[in-house]
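Hi,

Here is the structure I promised to pass along. Have a look at it first, and my notes follow underneath.

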Amino acid sequence: MATTNTLCSDDKTYYRMDGVIDPDFIRAHEKLTSLGSKHKPISSALILDKFHEKASLLGLQLANEQCALQKQGRRFLYNALVTSDKIKNEDHALAIGFANFSDRSKSFTGLLGTRVFMCSNLCFHGIVKPACQRHTIGNYDRIDDKIGILFDTFEKDKDTIEGQIQLMKATKLDDTILGKFVLGLARQGNAFGNTHILDIARFTDNPEPMLAELGNPTYNDKNDSSAYRLFNAATFIVNYKMKNAEAKIYATKLVTDTLMGVLNPQYKPVGDVIDVEPVDEE
């Protein structure tokens, strides 16, 4: 199994922690100075402590934690696997996490998703925005409520997320699904660069048109004939080819929404309905 921290692959911009998270290191390196009269950043280490406390209170066990702290100290990304006696799979697990920025660019944002064991691919199926306000004096004391909303949403949507994976596995991949998926990504403009689309699947005049990651999986099952193979190929490219840590979050959600939209015309994204943020092509 790959052990790369797929949440973030940019060592020049981020400090990365995989498996063991050190809150004291986060406290020592995060930057919480105010950027305005109403701006009041919330410590990522404090949020992480509260996040752990809430999970423990709910009886949820967190495993295989990953986090990335921007070396400028203003941006923090975190995710962990959620172990459950009710849902056990051999190849993937449910994941939960959050993003916390103190540069006024984003409010506290919750993340719901899955991680594939074979290649460590992390994919976010839902984004939860408990409040649109950036870190301000007025909402500083509401972080407990925001974390509560995130876990409430996880509890409400976890079976739906699992159902998405099972539908992918139960659907045979064909040229129609592949074509609609590729077209769907291409229509997103800058949200998913053409180079990365070609990294997923490349068409030629050869008898076997599925080249690139889809045709020759780096880690995943080469004999899988389901739409799950396409999902794994696309999320592999995002996790291992894209460098921008924040862009990965929105790109993996775009992969989920696009593929599920092809497989299920009645598909509705979990979490909040948001505009996917642009992804700079590498």
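How many helices and strands does the secondary structure of the protein chain come to? There are 8 helices and 7 strands, taken as DSSP runs (H or I of at least four residues for helices, E of at least two for strands) and numbered from the N terminus.

Some housekeeping: this is a predicted model, where local features need pLDDT of at least 70 and side-chain atom pairs count only at pLDDT 80 or more, while totals for chains, interfaces and linings use all residues. Residues are numbered from 1 along each chain as its sequence is written, and side-chain values use heavy atoms, with hydrogens and water left out.

On the whole chain: 52% of the 282 residues are buried (under 20% relative accessible area with a 1.4 Å probe, protein chains only; exposed is over 50%, partly exposed in between). Cys67 counts as buried because its relative accessibility is 1%, and Cys123 counts as buried at 2%. As for disulfides (cysteine sulfur pairs within 2.5 Å), the search of the whole structure finds 0.

One helix pair to look at: the axes of α3 (residues 143-170) and α7 (residues 227-241) come within 5 Å and cross at roughly 120 degrees. Those axes are lines fitted to C-alpha atoms over the stretch in contact, with angles running from 0 to 180 degrees between N-to-C directions. Ile165, Met168 and Lys169 of α3 make the contact with Ala227, Tyr228 and Phe231 of α7 (heavy atoms within 4.5 Å).

Cheers
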